[in-house]
Amino acid sequence: MAPRETVVCIGCPLGCRVTVLRDRKGNIAGLKGADCRQGEKYVLKELENPVRTLTATVRTGDEGFPLLPVRTSRPVPKALLAPIMQETVKVKVRPPVRTGDVIAKNVSKSRADLIATADWPGPRGEG
Amino acid sequence: MAKRVDVAVIGAGPAGLAAAIAAREQGAENVLIIERAEQLGGLLPQCIHNGFGLVYFEQDMTGPEYEKAFMDRAVDMGVETQLETMVIDLDEKREITAVSRKHGYMKFRPGAVVLAMGCRERSRGAVGIPGTRPAGVLTAGTCQRFVNIEGYMPGSRYVVLGSGDIGMIMARRLTLEGAKVEAVVEIMPWPGGLIRNEVQCLHDFGIPLLLEHTVSFIHGEERVEGVTVCRVDAQRQPMQGTERLIPCDCLLISAGLIPENELSRRAGVALDPVTGGPVVDQDRQTSVPGIFAGGNVVQVHDLVDWVSREAEVAGRSAAVFADKGRAKRTAGIKVVPGKNVRYVVPQLISGAGDVTLHMRVKEPGLSARLDVGGVLKKKFRSVRPSEMIVLDLEGEALRKSGIKGELVVDCDTKGSG
Ligand SMILES: Cc1cc2nc3c(=O)[nH]c(=O)nc-3n(C[C@H](O)[C@H](O)[C@H](O)COP(=O)(O)OP(=O)(O)OC[C@H]3O[C@@H](n4cnc5c(N)ncnc54)[C@H](O)[C@@H]3O)c2cc1C
Ligand code: SF4
């Protein structure tokens, strides 16, 4: 038997646990447990293509400010979170960086860019 | 420091920044923020995740982005800041004593004070877990600082005790950074943080949430080698025979926050035993005239947006006080938590003018009916202790109701959520 698939709705503090019913072909046959229509819509969207904004850091090589916080410019498919994390390790940044600057383009072919979420004027370390 | 200060704000987190900006907008000329850290922003620089600003800016921002919006504003408004300066004393006459390496020891008496010191995390000592005292036991917020600001990982295999938002957010962050998070352990029958975080931080990464469980022992001499996890009974006591060992090299504690009120106590500010913060009125004035408070120092907020809003009230009122030498008296009616309500802030209201009430329920429930002394009734599909309820009460309705003395807030629910 396939594991029972459940999705928790985050539409309101109720957090309904919605069970997904599938037919033999694996198509969605129905939803059980959602308390409202809004929630059902959310669950269907989640099942179709769950996307998340990824936030992470990249190394600057600056002793006083070793990490620059970054995020994806738009939500990306969940499956791309790990590959994008791998890419952030290789990213090199040069100052000055301003909040909103693009740090890397089209990461893991997600059509999202990595953008800076803080300013980095330049080395703050010794000297 | 001989120069005049109209409004002094203690703490430069989102509360302090918002209060200072509002005080300037209200017309206070010399507004000074005193901050012990070397940068502005309080907790926000280390909260690199998104989820900020949804209410205030109707945008999904990260902590540093949210912080920048306020910092730029504060600079534009001519707010003065003094960093790496710690306020060590405050008295009932609003005299501030502060120390800094650069300026040494200083004493001054501003026209009004805003307390915005935020809160601190409950540590292992506060939770009280038996076992050895090895390296690798730290609070989730400290770990967040290590990973997001300083750039190193405290361990590779983690157990998180407590399902507060910080703990769940760190569980995700550590997983993305390549660590293994074995479980998040929660003593209560419900998660301590927002559902949004339970889904996006735990479910997304298959991290188990063990409700009605606790850590009953920490193993390891030099370094954490594992923890014993067990079920708890209805009295939250460990149940014998349910223990199991989870090997790990790090235990993160995310067991709640405590408002930081050492200074408030020194100044003789009356504290609310439930919130752990000062008792405040509608203008966010404390029991000591001229001392106001906003943000996590008053109550532990779930969303930073409410922190900013609350602190703005405090900042505005402080500016008025600094100008007039007194605040308008607003403390006519006591707001009393009734059925299934843990606390309500502000604790005192005037009975006139619009007021926003912040409250938390004791237990989760469905089909909740909130009743503010018969003046305002509101229905909620569900309520949970982790989600703060925010209600706008109209001054006109309040005045018409003719309520005097006490306003009791009840929350009736059907079944548990
Ligand atoms: C780790 C964490 C994650 C969070 N995640 C989210 C989230 O995802 N979304 C959301 O909306 N909210 C989130 N919050 C909530 C929100 O960030 C906090 O509620 C907010 O930071 C509180 O602001 P504050 O200004 O009251 O306190 P703080 O940000 O703590 O600022 C207090 C400041 O006061 C200073 N200070 C204290 N005592 C003194 C003294 N004696 N002298 C000088 N300075 C002093 C401190 O150094 C500090 O800078 C999170 C909170 C935490 C703890
Ligand atoms: S399904 Fe509806 S009621 Fe249930 S959590 Fe989602 S939004 Fe709330």
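**Exercise 1. Which polar backbone atom is 3.3 Å from an oxygen atom of ligand 1?**

Before solving it, some ground rules. This is a predicted model, in which local features need pLDDT of at least 70, side-chain atom pairs count only at pLDDT 80 or more, and totals for chains, interfaces and linings use all residues. Residues are numbered from 1 along each chain as its sequence is written, chains are lettered from A and ligands numbered from 1 in the order in which they are written, and side-chain values use heavy atoms, with hydrogens and water left out.

*Solution.*
- Start with the surroundings: 31 residues surround ligand 1, counting a residue if one of its heavy atoms lies within 4 Å. Ala15(B), Glu35(B), His49(B), Asn296(B) and Val304(B) are the closest.
- The atom asked for belongs to Pro14(B).
- Now try a side chain: an N or O atom of the His49(B) side chain sits 2.7 Å from a ligand 1 oxygen.
- Finally, a nitrogen atom of ligand 1 has a backbone N or O atom of Asp302(B) at 3.4 Å.

**Exercise 2. Describe how chain B meets chain A.**

*Solution.*
- Count residues: 28 from chain B are in contact with 29 from chain A (contact means heavy atoms within 4.5 Å).
- Take the area: about 2,400 Å² is buried, with carbon and sulfur atoms giving 58%. Buried area is the accessible area (1.4 Å probe) that the two parts lose on being put together, summed over both.
- Look for salt bridges (a side-chain nitrogen of Lys or Arg within 4 Å of a carboxyl oxygen of Asp or Glu): there are six between the chains. Glu65(B) and Arg71(A) make one at 2.9 Å, N to O.
- Ask which element of chain B gives the most to this side: α6(B), with five residues. Helices here are DSSP runs (H or I, at least four residues), strands likewise (E, at least two), numbered from the N terminus.

**Exercise 3. Find where ligand 2 lies, and list its neighbours.**

*Solution.*
- Ligand 2 lies between chains A and B.
- From chain A, its neighbours include Cys9(A), Cys12(A), Cys16(A) and Cys36(A).
- Chain B adds Arg381(B).

**Exercise 4. Work out which strands stand at the edges of the five-stranded sheet in chain B.**

*Solution.*
- Write the order: β23-β21-β28-β25-β26, an open sheet with mixed pairing. Two strands pair if DSSP finds at least two bridges between them.
- β23 (348-349) and β26 are the edge strands; each has a single partner strand, so one side of each lacks a neighbour in the sheet.
- Check one pair: β21 (333-337) runs antiparallel to β23(B) over two bridges, and Lys334(B) stands opposite Leu348(B).

Conventions:
Polar contact = N/O pair within 3.5 Å; in protein donor to acceptor, adjacent residues only side chain to side chain.
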